[in-house]
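Dear colleague,

Please find below the structure that I am handing over to you. My findings follow it.

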Amino acid sequence: MSSVQIGVFGATGAVGRTLIKQLSAQAPWLASRGVDCGVIAVANSSKMALGLSSRSWPEYDFLLQKGEPLDSSRFLASLKPQGPQQHSLIFDCTASEEIAKMYLGALNLGVHIITPNKRLTSAPLDEYQAVQQAQYYQSDGNLRPHGQAKRVLYEAAVGAGLPIITTLQDALNTGDEIYSIQGILSGTLSHLFNEFGPGQSFAQLVKDAKEEGYTEPDPREDLCGMDVARKVLTLARECGVLLELDDVQVETLVPNKMPGNMTVADFLDNFSKYDKDILERVERAAASSCVLRYIGQVDVKQKTCSVALQEFPCDHAFAQLSGTDNIVSFHTRRYSPQPLTIRGPGAGLEVTAAGVFGDFLRLLRCLGYHV
């Protein structure tokens, strides 16, 4: 059997650990399909362990505790394929901008990349385009030989395990025309506005959500809207709308009057002072039988992207969500006037790791495996 050697960034993080467990559980099935694969290199933010046994799936905390300082060049070099029967890939299970900057070098070494990291798809346009081009073109500018393309797959960068990127790519590649994309793309903000109603304190909901683990350690990272903006830009660029992150119009839910240098505790303690404005908006919406939802939108014809709080009637699909559900509607030439809609959990370790695993299976099929 030809072999597939794997390196994992973020191996001891929540998503990385879950992914490795899923791979380990499916290793016998993969082997039955002729896939001889194993994790041979792991890294966290400061250390790495190289040269691991490709036929074992150990716990990586111990290995990294005794590991050596992270050297990205050596990490990549350890994964360079040694012949046509060997394939290599990196799972980047981090949100690191620095690791995303390594993707171009990895592709030029012959290493595939699979990631939920949005730092590539929302990177400066020249960096994004260089990586996209390197999948099919060698560093000398010549087209890679037939069957030797190096892939960058990032389904889980938008919607965790939901088939959003692949659905969009399939529509475009089969000749459909995308008019617009609209959706609820943050599991955290979906949860908050599914719970929020007249007479409630939005600040208290945020505090409760943080305690229950629904938000980032600093909830301002969710409330500022930049996570949604990165996802919107990812979808826009797939459609050929080649904008920069600064071009996305973002309505932040962090009050502009609040000092940016406040600690998380001080922010949560003071956030309730700004409840009045958003409470008035939710009450006006309720008076019109509407609800508030935090929406990301791509207008392909106008070549614009926006992220904002909007009103929707209570019978609208966007008003019918629960928990941390995401929902995305594609308005296209084929799907018009009724859009193609995808809905489901948009957050969670198992579904995010499964989205990354699904990309791994897609890559294996591209390499000729029967999976």
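In this predicted model, helix α11 supplies four residues to the lining of the largest pocket, the most of any element. The other elements that give two or more residues to this lining are α1 (14-32), α8 (187-195), α10 (220-223) and α14 (349-366). The space in the pocket comes to about 1200 Å³. Its lining holds 38 residues, and those nearest the centre are Val-15, Ala-95, Lys-118, Glu-216 and Asp-227. Sorted by class, the lining has 17 polar, 13 nonpolar and eight charged residues.

Two residues of this pocket also carry an annotation. In an unreviewed entry, UniProt places the feature "binding site" at Thr-94 and Lys-118. These residues span 25 residues in sequence, yet their C-alpha atoms are no more than 9.3 Å apart, so they gather at one spot. Both Thr-94 and Lys-118 are included in the lining of the largest pocket. Thr-94 itself sits in the loop between β5 (86-92) and α4 (97-100). Apart from neighbours within four places in sequence, Thr-94 is in contact with Phe-9, Gly-10, Ile-99 and Asn-117.

The second largest pocket has a volume of about 470 Å³. It is lined by 21 residues, of which Tyr-136, Arg-151, Leu-153, Gln-169 and Glu-238 lie nearest its centre. Here α7 gives the most, with five residues. The elements with two or more residues in this lining are α6 (125-134), β7 (152-153), α7 (164-173), α11 and α14. Helices α11 and α14 thus appear in the list for the largest pocket and in that for the second largest pocket. By class, the second lining consists of eight nonpolar, six polar and seven charged residues.

There is also an enclosed space to report. The count of cavities of 30 Å³ or more comes to one, and the largest cavity has a volume of about 40 Å³. Its lining is made up of Thr-167, Leu-168, Ala-171, Ile-178, Phe-330, Thr-332, Tyr-335 and Leu-340. Helix α7 gives the most to this lining, with three residues, while α7 and β12 each supply at least two. Six of the lining residues are nonpolar and two are polar, with no charged residue.

Strand β12 leads on to the sheet. Six strands form an open sheet in the order β9-β11-β10-β8-β12-β13, with mixed pairing. The edge strands, each pairing on one side only, are β9 (249-250) and β13 (340-345). Helix α11 (residues 226-238) packs on this sheet, where it touches β8 (178-184), β9, β10 (290-299) and β11 (304-313). The direction of α11 makes about 40° with that of β10. Strands β12 (residues 325-332) and β13 pair in the antiparallel sense over six bridges. Within β13, Thr-341 is the bridge partner of Ser-329.

Finally, a record covers part of the chain. UniProt, again in an unreviewed entry, places the feature "domain: Homoserine dehydrogenase catalytic" at residues 163-361. Over residues 163-361 the chain is 40% helix and 22% strand. The C-alpha atoms at the two ends of that stretch are 14 Å apart.

With kind regards

Key
Residues are numbered from 1 along each chain as its sequence is written. This is a predicted model: local features need pLDDT of at least 70, side-chain atom pairs count only at pLDDT 80 or more; totals for chains, interfaces and linings use all residues. Side-chain values use heavy atoms; hydrogens and water are left out. Two strands pair if DSSP finds at least two bridges between them. Contact means heavy atoms within 4.5 Å. Axes are lines fitted to C-alpha atoms, for helices over the stretch in contact, and angles run from 0 to 180 degrees between N-to-C directions. On a 1 Å grid over the protein atoms alone, a cavity is a set of points where a 1.4 Å probe fits but cannot get out, and a pocket is an open set with protein on both sides within 12 Å along at least five of seven lines; lining residues have an atom within 4 Å of a point. Grid points are joined across faces, edges and corners, and a volume is the space filled by probe spheres set on the points. Ala, Val, Leu, Ile, Met, Phe, Trp, Tyr, Cys and Pro count as nonpolar, Asp, Glu, Lys and Arg as charged, and the others, Gly among them, as polar. UniProt positions are given in the numbering used here, feature names are shortened, and annotations may be inferred rather than shown by experiment.
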